[in-house]
Amino acid sequence: MMVPVRCFSCGKVIGEHWEEFKARAASKEGDEDPEEVLDDLGLDRYCCRRMFVSHQDLVDVVSPYQ
């Protein structure tokens, strides 16, 4: 789950694409290039790309009780 659902700069809804991006590009094996994944997801603005690449999942840290 991506906590900021919208891009801070432009306001575009980007949170819905986080799980797919994480599965495809942020894996340890490096299956796909993050740039290609962002292109496939339709995120072409620099501000939205920056939010994806720099995002850290803190949900597990913030809420350890499930």
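**Figure 1. Ser 9, an exposed residue with a relative accessible area of 52%, in the segment before helix 1.** The model shown in this and the following views is a predicted one. Ser 9 and Cys 47 stand 38 residues apart in sequence, yet their C-alpha atoms are 6.3 Å apart in space. When residues up to four places away in sequence are left aside, Ser 9 touches Cys 47 and Arg 50. Of these two partners, Cys 47 belongs to the buried residues of helix 3.

**Figure 2. The buried residues of helix 3 and what they pack against.** Helix 3 spans residues 46–54, and within this helix Cys 47, Cys 48, Arg 49, Met 51 and Phe 52 are buried. Which helices do the buried residues of helix 3 pack against? Their packing partners are helix 1 and helix 2. Among the buried residues, Arg 49 has a relative accessibility of 19%, and it counts as buried because the cut-off for that class is under 20%.

**Figure 3. The crossing of helix 2 with helix 3.** The axes of helix 2, residues 34–41, and helix 3, residues 46–54, come within 11 Å and cross at roughly 130°. Helix 2 is therefore oblique to helix 3, and the crossing in which helix 2 passes helix 3 is right-handed. On the side of helix 2 the contact is made by Glu 35, Leu 38 and Asp 39, which meet Arg 49, Phe 52 and Val 53 of helix 3. By character, the residues of this contact divide into three nonpolar and three charged, with no polar residue.

**Figure 4. The salt bridge of Asp 39 with Arg 49, joining helix 2 and helix 3.** Side chains of opposite charge can pair when their charged atoms come close. In the pair shown here, the side chains of Asp 39 and Arg 49 meet with an N to O distance of 2.2 Å. Asp 39 lies in helix 2 and Arg 49 in helix 3, so this salt bridge ties together parts that are 10 residues apart in sequence. The two partners fall into separate classes of exposure, Asp 39 being partly exposed at 45% relative accessibility, whereas Arg 49 counts as buried at 19%. Both residues also take part in the contact of helix 2 with helix 3.

**Figure 5. The salt bridge of Asp 40 with Arg 24 and the network to which these residues belong.** The closest N and O atoms of Asp 40 and Arg 24 are 2.7 Å apart. Asp 40 lies in helix 2 and Arg 24 in helix 1, so the pair ties together parts that are 16 residues apart in sequence. Asp 40 counts as exposed, at 54% relative accessibility, while Arg 24 counts as buried, at 19%. Asp 40 and Arg 24 are linked with Glu 20 and Glu 32 in a network of salt bridges.

**Figure 6. The salt bridge of Glu 19 with Lys 22, within helix 1.** How many salt bridges does the structure hold? There are five, and one of them brings together the side chains of Glu 19 and Lys 22, with an N to O distance of 4.0 Å. Glu 19 and Lys 22 both lie in helix 1, residues 18–24, where they are three residues apart, or about one turn of the helix. Glu 19 is partly exposed, with a relative accessible area of 42%, and Lys 22 is likewise partly exposed, with a relative accessible area of 32%.

Definitions and conventions: Residues numbered from 1 in each chain as written. Predicted model: local features only at pLDDT ≥ 70, side-chain atom pairs only at ≥ 80, totals over all residues. Heavy atoms only, no water. Axes fitted to C-alpha atoms, helices over the stretch in contact; angles between N-to-C directions. Helix = DSSP H or I, 4+ residues; strand = E, 2+ residues; numbered from the N terminus. Parallel < 35°, antiparallel > 145°, perpendicular 65-115°, else oblique. Left-handed = near helix turned anticlockwise from the far one by under 90°. Contact = heavy atoms within 4.5 Å. Nonpolar A, V, L, I, M, F, W, Y, C, P; charged D, E, K, R; others polar. Buried < 20%, exposed > 50% of the residue type's maximum accessible area, 1.4 Å probe, protein only.
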